[in-house]
Amino acid sequence: MFWCQVLGHRFRFSSEGENMRWECQRGCGAGGAKRYPSAQDAQRYARAFDREDRADLGRRAPLFGLLPIRVAQALRGRKRGG
């Protein structure tokens, strides 16, 4: 799929018993599975990996790629007194 080649896969994680499964949300067919010793472990790892950290985009961004976001965030922080 074109978007997966350009932007990379967007994996979604889930658990089924002792197996953690992942597949690309864009529908390109990429995915896999891993078996854990217990169902609780599989569920814990699936929950941990199935996150999108978009709220922290400006704080954990690459230095040059998202420099305008970092500058805007710094200016907003100065206006607030932070």
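Here is a quick tour of the fold, the sheet, the salt bridges and the surface of this chain.

What you're looking at is a predicted model. The protein chain comes to three helices and three strands, and from the N terminus on these elements run α-β-β-β-α-α. The three strands make an open antiparallel sheet in the order E1-E2-E3, and helix H2 packs on that sheet. Four salt bridges turn up in the structure, and one of them ties strand E1 to the loop between H2 and H3.

**Overall numbers**

- Of the chain's 82 residues, 13% count as buried.
- The chain exposes about 6,600 Å², with carbon and sulfur atoms supplying 52% of that area.
- If you take contacts between residues at least 6 apart in sequence, 24% of them join residues at least 24 apart.

**The sheet, strand by strand**

- E1 covers residues 11–16 and E2 covers residues 19–24; the two run antiparallel and are joined by six bridges.
- Serine 15 has methionine 20 in E2 as its bridge partner, while glutamate 16 is matched with asparagine 19, also in E2.
- Next comes the pairing of E2 with E3 (residues 31–35), again antiparallel, this time over five bridges.
- In that second pairing, tryptophan 22 stands opposite glycine 32 of E3.
- Which strands stand at the edges of the sheet? They are E1 and E3: each has a single partner strand, so one side of each is left without a neighbour in the sheet.
- From one strand to the next, the twist averages 20 degrees.
- Helix H2 (residues 39–49) touches E1 and E2 as it packs on the sheet, and its direction makes about 165 degrees with that of E1.

**The two hairpins**

- The E1–E2 hairpin has two residues between its strands, and glycine 17 takes a positive phi there, near 65 degrees.
- The E2–E3 hairpin has six residues between its strands; here glycine 27 has the positive phi, near 85 degrees.

**Salt bridges**

- As background, side chains of opposite charge can pair when their charged atoms come close.
- Arginine 12 and aspartate 50 form one salt bridge, with 3.1 Å between the closest N and O atoms. Why does this pair tie together parts that are 38 residues apart in sequence? Arginine 12 lies in strand E1, whereas aspartate 50 lies in the loop between H2 and H3, so the pair bridges those two parts.
- Both partners of that pair count as partly exposed: arginine 12 has 29% relative accessibility, and aspartate 50 has 25%.
- Another salt bridge joins arginine 21 to glutamate 16, the closest N and O atoms being 2.8 Å apart. Arginine 21 is partly exposed at 32% relative accessibility, and glutamate 16 is partly exposed at 46%.
- A further salt bridge pairs glutamate 18 with arginine 35, and their closest N and O atoms are 2.6 Å apart. The pair links distant parts of the chain, 17 residues apart, with glutamate 18 in the loop between E1 and E2 and arginine 35 in strand E3.
- Is arginine 35 buried or exposed? Arginine 35 is exposed, since its relative accessible area is 58% and the cut-off for exposed is over 50%. Its partner glutamate 18 counts as partly exposed, at 29% relative accessibility.

**The loop after H2**

- Arginine 51 sits in the loop between H2 and helix H3 (67–80).
- Arginine 51 is exposed, with a relative accessible area of 54%.
- The C-alpha atoms of arginine 51 and arginine 12 are separated by 8.3 Å, although the two residues are 39 apart along the chain.

**The N-terminal end**

- Met1, Phe2, Trp3, Val6 and Leu7 form a nonpolar patch on the surface, with about 580 Å² of accessible area together.
- Methionine 1, one of the patch residues, lies in the segment before helix H1 (2–7).

Notes
Residues are numbered from 1 along each chain as its sequence is written. This is a predicted model: local features need pLDDT of at least 70, side-chain atom pairs count only at pLDDT 80 or more; totals for chains, interfaces and linings use all residues. Side-chain values use heavy atoms; hydrogens and water are left out. Two strands pair if DSSP finds at least two bridges between them. Helices (H or I, at least four residues) and strands (E, at least two) are DSSP runs, numbered from the N terminus. Axes are lines fitted to C-alpha atoms, for helices over the stretch in contact, and angles run from 0 to 180 degrees between N-to-C directions. Contact means heavy atoms within 4.5 Å. Patches are made of residues with over 30% relative accessible area and no salt bridge: like charges are joined within 9 Å, nonpolar side chains (Val, Leu, Ile, Met, Phe, Trp, Tyr) within 5 Å. Accessible areas come from the Shrake-Rupley method with a 1.4 Å probe; for residues, only the protein chains shown count as cover. A salt bridge is a side-chain nitrogen of Lys or Arg within 4 Å of a carboxyl oxygen of Asp or Glu. Buried means under 20% relative accessible area, exposed over 50%, partly exposed in between (1.4 Å probe, protein chains only).
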